[in-house]
Amino acid sequence: MTPGARIQASIELLDQIFTAWQSEKRFPADKMLEQYFKGHRYIGSKDRGAVAELVYWVLRHKATLQWWLEKYSRELDSRGFILAAIILRHDYNPGTIESITKDSKYSPDALSDAEKKFINTLVRMELTVPEMPDHIRLNYPQWLDEYLRASFGGELDAAMNALSEQAPTDLRVNTLKTHREKLIGQLQAEGFDCSPTPLSPVGIRLARRGPIFTSRFFKEGHFEVQDEGSQAVALLVDAQPSHRVIDFCAGAGGKTLAIAATMENKGRILAWDTSEKRLGQINIRLKRAGVHN
């Protein structure tokens, strides 16, 4: 894809997300990305990664971007958010943006005079400025302000800024089949740059995103993709082989699998969820992981 085509795909995808969020059904963004890419199979993996990264960045910084849009432009549409993002992230300068609207038939429409004025104003700005209220600068709902300050105190900025960063890709080692040191060596041999997670004793962190699902060791059930925070939650349950455990809101069963491993496939764990579709995904994962309790 050309740069212009990537920008247009990002605009289309963000528009679908915004439209869904305004309806009664607030679909999760990750599922909407999945549906979009299934409907546009010609988009290669690198292009999918670039489009997804930009769309997620906009969603994480939506309040800040909206502040700039309301200040200098009244168009709170997906195109306006994407234009604001690529200027404030310093991805492109105004001249480059004008040129990429002509780089292919899949590029965005040419900039209007109002849009040209808007991006030429923003190009002199930084993403955040002191005059922004904290909930705008740090991108959290205003009604949460007093609760977040009570929880984090002087660490509020650090905590909220961490939430605005792209999350790392973490793997959970399936201790029913292997151990961390062995799996790290095997993944490195496959070309994945990885290392132990700092907190979870069963976690592995990829240095960069990659096609991890193509790994032989994923197909053989030696690991699952799971963020370190979720791994920690499962470990804190401290489920023992003799216990009976219920995983409420189990979803697709990520924590169920993790807890089953700490139970050494003994005792009994029940996975419950109101979504039959999501819970139905667990069957394939159970078989791959060798979990039967």
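These are legends for an overview and several close-ups of one predicted protein model.

Residues are numbered from 1 along each chain as its sequence is written. Because the model is predicted, local features need pLDDT of at least 70 and side-chain atom pairs count only at pLDDT 80 or more, while totals for chains, interfaces and linings use all residues, and side-chain values use heavy atoms, with hydrogens and water left out.

**Overview. The whole chain, with 16 helices and six strands.**
Helices (H or I, at least four residues) and strands (E, at least two) are DSSP runs, numbered from the N terminus. The C-alpha trace spans about 70 × 45 × 40 Å along its principal axes. Of the 293 residues, 44% count as buried; that label means under 20% relative accessible area, with exposed over 50% and partly exposed in between (1.4 Å probe, protein chains only). Take the contacts (heavy atoms within 4.5 Å) between residues at least 6 apart in sequence: 64% of them join residues at least 24 apart. About 16600 Å² of the chain is exposed, and carbon and sulfur atoms supply 52% of that. These areas come from the Shrake-Rupley method with a 1.4 Å probe, and for residues only the protein chains shown count as cover. As for charge, there are 39 positive and 37 negative side chains, with the centres of the two sets 6 Å apart. Here Lys and Arg are positive, Asp and Glu negative, and His and the chain ends are not counted; each charge is placed at NZ of Lys, CZ of Arg, CG of Asp or CD of Glu.

**Close-up 1. The second largest pocket, with H1 as the main contributor to its lining.**
A pocket is an open set of points on a 1 Å grid over the protein atoms alone, with protein on both sides within 12 Å along at least five of seven lines; a cavity is a set where a 1.4 Å probe fits but cannot get out, and lining residues have an atom within 4 Å of a point. Grid points are joined across faces, edges and corners, and a volume is the space filled by probe spheres set on the points. This pocket holds about 220 Å³ of space. Helix H1 (3-22) and helix H5 (78-88) each supply at least two lining residues, with five coming from H1. The lining includes Asp-15, Trp-21, Arg-26, Lys-62, Asp-77 and Phe-81.

**Close-up 2. The largest cavity, about 50 Å³ in volume.**
The count of cavities of 30 Å³ or more comes to one. H1, H5 and helix H6 (94-100) are the elements that give two or more residues to the lining of the largest cavity. H5 gives the most, with three. Among the lining residues are Ile-7, Ile-11, Arg-79, Leu-83, Ile-86, Ile-97 and Pro-108.

**Close-up 3. The buried side of helix H4 (residues 62-72), and Leu-88 of H5.**
Thr-64, Leu-65, Trp-67, Trp-68 and Leu-69 are the buried residues here. They pack against helix H3 (45-60), H5, helix H7 (113-122) and H8. Over in H5, Leu-88 is buried at a relative accessible area of 4%. Setting aside neighbours within four places in sequence, Leu-88 touches Leu-65, Trp-68, Leu-122, Met-125, Glu-126 and Leu-127. Leu-88 and Trp-68 sit 20 residues apart in sequence, and their C-alpha atoms are 9.8 Å apart.

**Close-up 4. Met-160 in helix H10 (residues 156-163), and Asn-139 in a loop.**
Met-160 is buried, at 5% relative accessible area. Beyond neighbours within four places in sequence, Met-160 contacts Leu-138, Tyr-140, Leu-148 and Phe-152. The C-alpha atoms of Met-160 and Arg-137, 23 residues apart along the chain, are separated by 9.5 Å. Asn-139 belongs to the loop between helix H8 (134-137) and helix H9 (145-152). Its phi is near 60°, a positive value in a residue other than glycine, and Asn-139 counts as buried at 19% relative accessibility.

**Close-up 5. Two partly exposed loop residues, Pro-28 and Glu-264.**
Pro-28 lies in the loop between H1 and helix H2 (29-39), with a relative accessible area of 46%. Its C-alpha is 8.5 Å from that of Ile-17, 11 residues away along the chain. Glu-264 is in the loop between helix H14 (254-262) and strand E6 (268-271), and its relative accessible area is 46%. Phi of Glu-264 is near 60°, a positive value in a residue other than glycine.
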